[in-house]
Amino acid sequence: MNRDMQVTEANFDGLVGPTHHYAGLSFGNEASARHQYQPSNPLKAVLQGLEKMKALADQGFVQGVIPPVARPDLRLLRQIGFTGNDVQILQKARKQAPELLSAACSASSMWVANAATVSPSADTADNRVHFTVANLNNKLHRMSEAPGTTAILRALFADERRFIVHDALPQTPAFGDEGAANHNRLYHRAGDPGLELFVYGYDAGKPSDGPVRYPARQTRQASEAVARLHQLDPQRTLYAQQNPAVIDQGVFHNDVIAVSHREVLFCHEHAFTGQQALFDTLRERLPEFHPLVVPDEAVTVSDAVKTYLFNSQLLSRKDGSMSLVLPQEAREHPAVWQYLQQLLADDNPVTDLQVFDLRESMRNGGGPACLRLRVTLTEEERQAVNPAVMMNDALYARLTAWARKFYRDRLTADDLADPQLLTENYQALDELTGILNLGAVYDFRQSQ
């Protein structure tokens, strides 16, 4: 039996939450900093994401939805000293420490490439799909996502015979873990064991080897811990350091400078330290390995960060060809678009480009790849996923109507303490649990 016919690389996209706003919370993410304090449009943001999901599902790609974590995070605000009822806490935080209110209201869980690292059953010793929730401890607004993400993933992938969702690693800088945004899996046939390539920003034992201007968020120690939890074969597990110089240019995750799919690694020529040696090792262990390396003379690191060229999705069509899913910004940049036309003309697996308007996400520093978590599933595993989260015409219609009912078309940091917004958030998430059959994943009042 052809195992390629049994195994699918599914994409689960994050649903943008109702508190999507531009607070500039993510130091090292230059798009986030550029748009700080500008008004956002949560309704447009969620609809843009849903349109991408629906378009890909319509083309036959397996597409699911991951709901947002509950916001505002009142437990966090209580933990750091704000007291009173829900509204009082929000209003005190807005007056005394607005940046902390923004952190507690952040909708950053939409970028589910940071939700977890995923290893398929073909790679793991117990033949289950393993998820390790990212601790995201480099940023306060993201660190607080881990408990909510754990509950959500366990609601989506509940069958413990086929899935295991590990708790986040210890909340300490030595185990800083940013999830699948720093993880690649390369393989030739979909059902075969793959090579899992973990990319780290610095080794906690050698901090002087890391970047200088911006923080490196992923440690080698975290990557090694995830590999142990997932029971991976050490001979099929590799570790590479992201080039510290590109981190200092705004490449805060590996998925801003590289993306992989099957045997293809699409990356910039300055993506990794010791890049040629890494390629030699990959080719030795996977003879079909096919690097697509973009030279700096064609696209600079700065232009790659501005357009999120590498924060794209590579998807396989039934004939084996690949489609590259890009943000609108890539088409609007002359040098990047010129390079992409040459990529299509060259002899490689990429045969078409798909461009989506994701400006609301892009302005906060997240492109197509940030918005999705890849999960490779056998047919039996796919049938065990919560079916209510799989995108189709009916779900798209329900979620679009739901978003139009609850989401605002303008939001600023000043609005975050609005009691009416709090009520809207609770009502939206309460209704969403029914649409997606989530069960009790949200603790709306988050009482002490």
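**Overall fold and the helix α17**

The protein chain contains 17 helices and 15 strands. With a radius of gyration of 21 Å, close to the 22 Å that the globule rule gives for 448 residues, the chain is as compact as a globular protein of that length. The model is a predicted one, and the values that follow are computed from it. Along the principal axes, the C-alpha atoms fill a box of roughly 60 × 50 × 40 Å.

The interior can be described next. Of the 448 residues in the protein chain, 62% are buried. Among contacts with a separation of 6 or more, 77% are made by residues 24 or more positions apart.

Turning to the surface, the protein chain exposes about 17,100 Å², and carbon and sulfur atoms supply 48% of that area. As for charge, the chain carries 43 positive and 53 negative charges, and the mean positions of these two sets are 4 Å apart.

Helix α17 offers a closer look at one element. This helix covers residues 419–435, and its 17 residues should span 24 Å at 1.5 Å a residue; the end C-alpha atoms are 25 Å apart, which agrees with that expectation. Buried positions in α17 include Leu-421, Leu-422, Leu-429, Leu-432 and Ile-435. Glu-424, Asn-425, Tyr-426, Ala-428 and Thr-433 of α17 are buried as well. What covers these buried residues? Among the elements in contact with them are α3 (74–79), α4 (86–96) and α16 (393–406).

Methods
Residues are numbered from 1 along each chain as its sequence is written. This is a predicted model: local features need pLDDT of at least 70, side-chain atom pairs count only at pLDDT 80 or more; totals for chains, interfaces and linings use all residues. Side-chain values use heavy atoms; hydrogens and water are left out. Helices (H or I, at least four residues) and strands (E, at least two) are DSSP runs, numbered from the N terminus. The radius of gyration is taken over C-alpha atoms; the globule rule is 2.2 Å times the number of residues to the power 0.38. Buried means under 20% relative accessible area, exposed over 50%, partly exposed in between (1.4 Å probe, protein chains only). Contact means heavy atoms within 4.5 Å. Accessible areas come from the Shrake-Rupley method with a 1.4 Å probe; for residues, only the protein chains shown count as cover. Lys and Arg count as positive and Asp and Glu as negative; His and the chain ends are not counted. The place of a charge is taken as NZ of Lys, CZ of Arg, CG of Asp or CD of Glu. The expected span of a helix is 1.5 Å times one less than its number of residues.
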